[in-house]
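Q: Please take one part of this protein and examine it closely. I should then like to understand how that part relates to the rest of the chain.

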Amino acid sequence: MVSVKPLLILYMMPAILIVIGIIIGFFYKLYIDYKKGRMYQNNIFRTIDIKYARQDTIVKALDSVTNFHRIKVISKDVILFMNEYDMSLILSKDYIGQIFGLEESPVWKIKGDEKQEELKNPLYMFRKIEERIKESLGNYEYKKYIIIGSLCLININLKTIKILRMNNFYYFINKVANKKRYTKEEINNLFDNLEKNVNNCKNTCI
């Protein structure tokens, strides 16, 4: 008598091979684009949704933190996160390739083995947004991070902002200091102030 299990595996083999082929093809395409220095925006590790912030990949991750927190999507690439332990201003960039330049240069270079492109320094935009919200933040101290994916390498000595890879992001957001620095009331007051002074925060302030 023929065993049913081998027949079932044989029957499912075409579907299994198709799925494996799709996965291999996806990662091969990423590798080729990395070699060519192609630059992706907003479609590798992050799904951006400013209108409905809870659909945003990074906002979802931040919102999974168990302690009390608030989140503000300032712009497409900039998010403010605050809990009772810390406050962070986060710049998210979905680049693929190796990035070269100087921190203060208005233009960076992004390249692979076969291609090189100019790239506007994202820190310029980040600093403009930072200036816009500083009055609302008052004297509160905050840390600054730029989040990148695993297929990006920033060969720049950044002194004003810390590089954080997406694969370390979940560890970062769940790491807490030994002592609470802010009360729930302080956090709510700050974000209410942001809502009044920065922009309409109906869908982007959590």
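A: In this predicted model, strand β1 and strand β2, which spans residues 78-83, run antiparallel and are joined by five bridges. One place to see the pairing is H69, which stands opposite N83 in β2. Between the two strands lie four residues, and together β1 and β2 form a hairpin.

Consider β1 by itself. The strand covers residues 69-73, and five of its five residues are buried. In a regular strand, side chains alternate between the two faces of the sheet. It is therefore useful to ask about each face separately: which residues of β1 lie on one side, and which on the other? H69, I71 and V73 are found on one side, with R70 and K72 on the other. Both faces are covered, as these residues are all buried.

The partner strand leads into the interior. β2 is among the elements that contribute to the largest nonpolar core, so the core is described next as a whole. This core has 31 residues, and those touching the most other members are L80, I99, L137, I154, L158, L190 and L194. Two or more residues come from each of β2, β3 (87-92), β5 (107-111), α3 (122-137), β7 (143-148), β8 (152-155) and α5 (184-197). Helix α3 gives the largest share, five residues. To follow one member in detail, take I154: apart from its neighbours within four places in sequence, I154 is in contact with I99, I146, I148 and I163. There is also a second, separate core of 17 residues, which includes V59, A61, L62 and I173.

Further strand pairings involve β7. Strand β3 is joined to β7 by five bridges, and these two strands run parallel. Within that pairing, L91 stands opposite I146 in β7. Strand β7 is also joined to β9 (residues 162-165), by four bridges and again in parallel. There, I147 has L164 of β9 as its bridge partner.

Just beyond the hairpin, the loop after β2 brings in charged side chains. E84 and K180 meet through their side chains in a salt bridge, with 3.6 Å from N to O. E84 is in the loop between β2 and β3, whereas K180 is in the loop between α4 (169-174) and α5, so this pair ties together parts that are 96 residues apart in sequence. Are the two partners buried or exposed? E84 counts as buried because its relative accessibility is 8%, which is under the 20% cut-off. K180, at 47%, is partly exposed.

A second long-range pair can be read in the same manner. The side chains of R127 and E103 form a salt bridge of 3.4 Å from N to O. R127 belongs to helix α3 and E103 to the loop between β4 (97-100) and β5, so the pair links distant parts of the chain, 24 residues apart. Here too the burial of the partners can be stated: E103, with 8% relative accessibility, counts as buried, and R127 is partly exposed with a relative accessible area of 24%.

Another pair is formed by K115 and E117, whose side chains meet in a salt bridge of 3.2 Å, N to O. K115 is partly exposed at 42% relative accessibility, and E117 is partly exposed at 23%. In addition, D86, E141, K143 and R181 are linked in a network of salt bridges. The count of salt bridges comes to 12.

Aromatic rings also take part in the arrangement. The charged end of K111 sits over the ring of F100, at 4.8 Å from the centre of that ring. The count of aromatic pairs comes to one.

Finally, the hairpin may be placed in the whole protein. There are five helices and nine strands, and from the N terminus the elements run α-α-β-β-β-β-β-β-α-β-β-β-α-α. The hairpin strands β1 and β2 therefore follow the two helices with which this order begins, because strands are numbered from the N terminus. Of the 206 residues in the protein, 40% are buried. Among contacts between residues at least 6 apart in sequence, 60% join residues at least 24 apart.

Conventions:
Residues numbered from 1 in each chain as written. Predicted model: local features only at pLDDT ≥ 70, side-chain atom pairs only at ≥ 80, totals over all residues. Heavy atoms only, no water. Buried < 20%, exposed > 50% of the residue type's maximum accessible area, 1.4 Å probe, protein only. Pairing = 2+ DSSP bridges. Core = buried A, V, L, I, M, F, W, Y, C linked by side-chain atoms within 4.5 Å. Contact = heavy atoms within 4.5 Å. Salt bridge = Lys/Arg side-chain N within 4 Å of Asp/Glu carboxyl O. Phe/Tyr/Trp six-rings, centres within 6.5 Å; stacked < 30°, edge-to-face > 60°. Lys NZ or Arg CZ within 6 Å of the ring centre and 35° of its normal.
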